[in-house]
Amino acid sequence: MKAIGLLFVLFSIFGCSGKPHVVQPDGEADSPRTSKLHVVSHGWHVGLVIAAEELNLVFPDLKDRFAGAEYYELGWGDAGYYQAQEVTTGVTLQAIVWSQGTVVHVVALPVSPVEYFPRSDVVDTCLTAEESDSLMRYLANSFAQDETGNLIETKRGIYGDSQFYDGQGRYHLLNTSNKWAAKALKSAGMDISPIFKLTADSVMGFVEENRNDCSR
């Protein structure tokens, strides 16, 4: 019983903490749903895919780095684990218990995510302008910036035309890449509890059951 109680306390403390924090959308606004958000499962983690024309307005650096992109896929995770050339037990344990920082992985997609990831599970939902705005603010808070406000490039990405950037926050057992995605969905107005969304399947299952169609 003591172990269960301790686990509950840890979930309560760490499950609700950790940058980037959820950005709550304006609950009073109710504009048409015209902004599409895709969620892609890669088996062990999920990525978020957003139209380049929307994200370029928030991050002009991306437009300069990825000329001609139609969409961007974003993922967040431990800097050591995500960028490792070889994933070892030591790298994995350090990410879980003593992360030295985080990165955001950005992939430029020349076509829709359904076409680009034909072997992956892809689901979409549509956002209002207010939900899209709060999602963009959440994503902006996921990146570190230099003193001039520019994104900070680190290593080349792991597939396609991609790039790692310095991120905000610390990765740990209760603040994983999938929880980052769940907090993004919460920022996008979805009624999701990020605390226990630690697997790709749990995130994808929620989106599939709670997605919204675009306004006609």
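**Note on the sheet, a helix and the core**

1. Helix α8 lies across strands β1, β2 and β3. Its direction is about 40° to β2. Helices (H or I, at least four residues) and strands (E, at least two) are DSSP runs, numbered from the N terminus. Axes are lines fitted to C-alpha atoms, for helices over the stretch in contact (heavy atoms within 4.5 Å). Angles run from 0 to 180 degrees between N-to-C directions.

2. This is a predicted model: local features need pLDDT of at least 70, side-chain atom pairs count only at pLDDT 80 or more, and totals for chains, interfaces and linings use all residues. Residues are numbered from 1 along each chain as its sequence is written, and side-chain values use heavy atoms, without hydrogens and water.

3. Seven strands make an open sheet, ordered β5-β1-β2-β3-β4-β7-β6, with antiparallel pairing. Two strands pair if DSSP finds at least two bridges between them. β5 and β6 (153-156) are the edges, each pairing on one side only. β1 and β2 share five bridges. Leu37 has Ile50 in β2 as its bridge partner.

4. Helix α7 (residues 129-140) has 12 residues. The expected span is 1.5 Å times one less than that number, so 16 Å is expected, and its end C-alpha atoms are indeed 16 Å apart. Its buried residues (under 20% relative accessible area, 1.4 Å probe, protein chains only) include Leu135, Met136 and Leu139. The buried residues of α7 pack against elements including β1, β2 and α8.

5. The largest nonpolar core (buried Ala, Val, Leu, Ile, Met, Phe, Trp, Tyr and Cys joined through side-chain atoms within 4.5 Å) has 41 residues. Leu139 and Tyr72 are among those with the most contacts inside it.

Terms used
Buried means under 20% relative accessible area, exposed over 50%, partly exposed in between (1.4 Å probe, protein chains only).
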